[in-house]
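Biologist: Please take a close look at one part of this model with me. I am in my first year, so spell out each term as you go.

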Amino acid sequence: MKATIILLAMTTTLITSCGGKSKDPQADPKQVAESIFDAAKSGHYEELAVLIDTEADSDSKMIAQVAADANLQNEFKKYFSKGKVSGEPTIDGEKASVKILFGPDGDKEETFEMVKKNGKWYLQSF
């Protein structure tokens, strides 16, 4: 019974935080990028690891480790809390490129490279 109540509370929180809609953060490449930036703004780092491909580069894998490392959390927040998607993603089959702006001032250009596996998008490199 306790587990059901906790699950219900978590689901309600997720739906409420998404403006009443439950949206899969891995449904499209842009949403993955926005989920990364949202985590940096909110401090909710728990979900970051699921957004990162198991074969990702070292920078991307570092994002997956943020929840467990306070030093990484500070750096992650500094560089990604002002981040945003810049334009529409370029999708080519199971690969996508998402241009972003990030950094302490939110003005450093970079590209998130993503891969689609089993119907979900994952950050692979940047």
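Modeller: Let's begin with how helices are compared: an axis is a line fitted to C-alpha atoms, for helices over the stretch in contact, and angles run from 0 to 180 degrees between N-to-C directions. This is a predicted model, in which local features need pLDDT of at least 70 and side-chain atom pairs count only at pLDDT 80 or more, while totals for chains, interfaces and linings use all residues. Residues are numbered from 1 along each chain as its sequence is written, and side-chain values use heavy atoms, with hydrogens and water left out.

First, the setting. The protein chain has 4 helices and 5 strands (DSSP runs numbered from the N terminus: helices are H or I with at least four residues, strands are E with at least two). Starting at the N terminus, their order is α-α-α-α-β-β-β-β-β. Of its 126 residues, 31% count as buried (under 20% relative accessible area with a 1.4 Å probe, protein chains only; exposed is over 50%, and partly exposed is in between).

Now for our close look, at helix α4. This helix covers residues 70-80, and Leu-72, Phe-76 and Phe-80 are buried in it. They sit on the same side of α4 because they cover an arc of only 35° around the axis (taken from the directions from the helix axis to the C-beta atoms). Turn to the other side of α4 and you will find Asn-71 and Asn-74, which are exposed. The N-terminal end of α4 has a cap, Asp-69, with a side-chain oxygen 2.9 Å from the backbone nitrogen of Asn-71.

What do the buried residues of α4 pack against? Their partners are α2 (29-42), α3 (58-64), β3 (95-102) and β4 (108-117). Take α2: it packs with α4 at an angle of about 115°, and their axes are 8 Å apart. The crossing is left-handed (the near helix is turned anticlockwise from the far one by less than a right angle; clockwise would be right-handed). On the α2 side, Ile-36, Phe-37, Ala-39, Ala-40 and Lys-41 meet Phe-76, Lys-77 and Phe-80 of α4 (contact means heavy atoms within 4.5 Å). By class, this contact has 6 nonpolar, no polar and 2 charged residues (Ala, Val, Leu, Ile, Met, Phe, Trp, Tyr, Cys and Pro count as nonpolar, Asp, Glu, Lys and Arg as charged, and the others, Gly among them, as polar).

From α2, follow the chain into the loop between α2 and α3, where Asp-53 is found. Asp-53 counts as buried because its relative accessibility is 3%. Its side chain makes a polar contact of 3.2 Å with the side chain of Gln-124 (N or O atoms within 3.5 Å; within protein, one must be able to donate a hydrogen and the other to accept it, and residues adjacent in sequence count only if both atoms are side-chain atoms). Gln-124 belongs to strand β5, residues 120-125.

Helix α3, a neighbour of the buried face of α4, contains Ser-60. With 0% relative accessibility, Ser-60 counts as buried. A 2.8 Å polar contact links the side chains of Ser-60 and Asp-57. Ser-60 and Ser-125 are 65 residues apart in sequence, while their C-alpha atoms are 5.6 Å apart in space.
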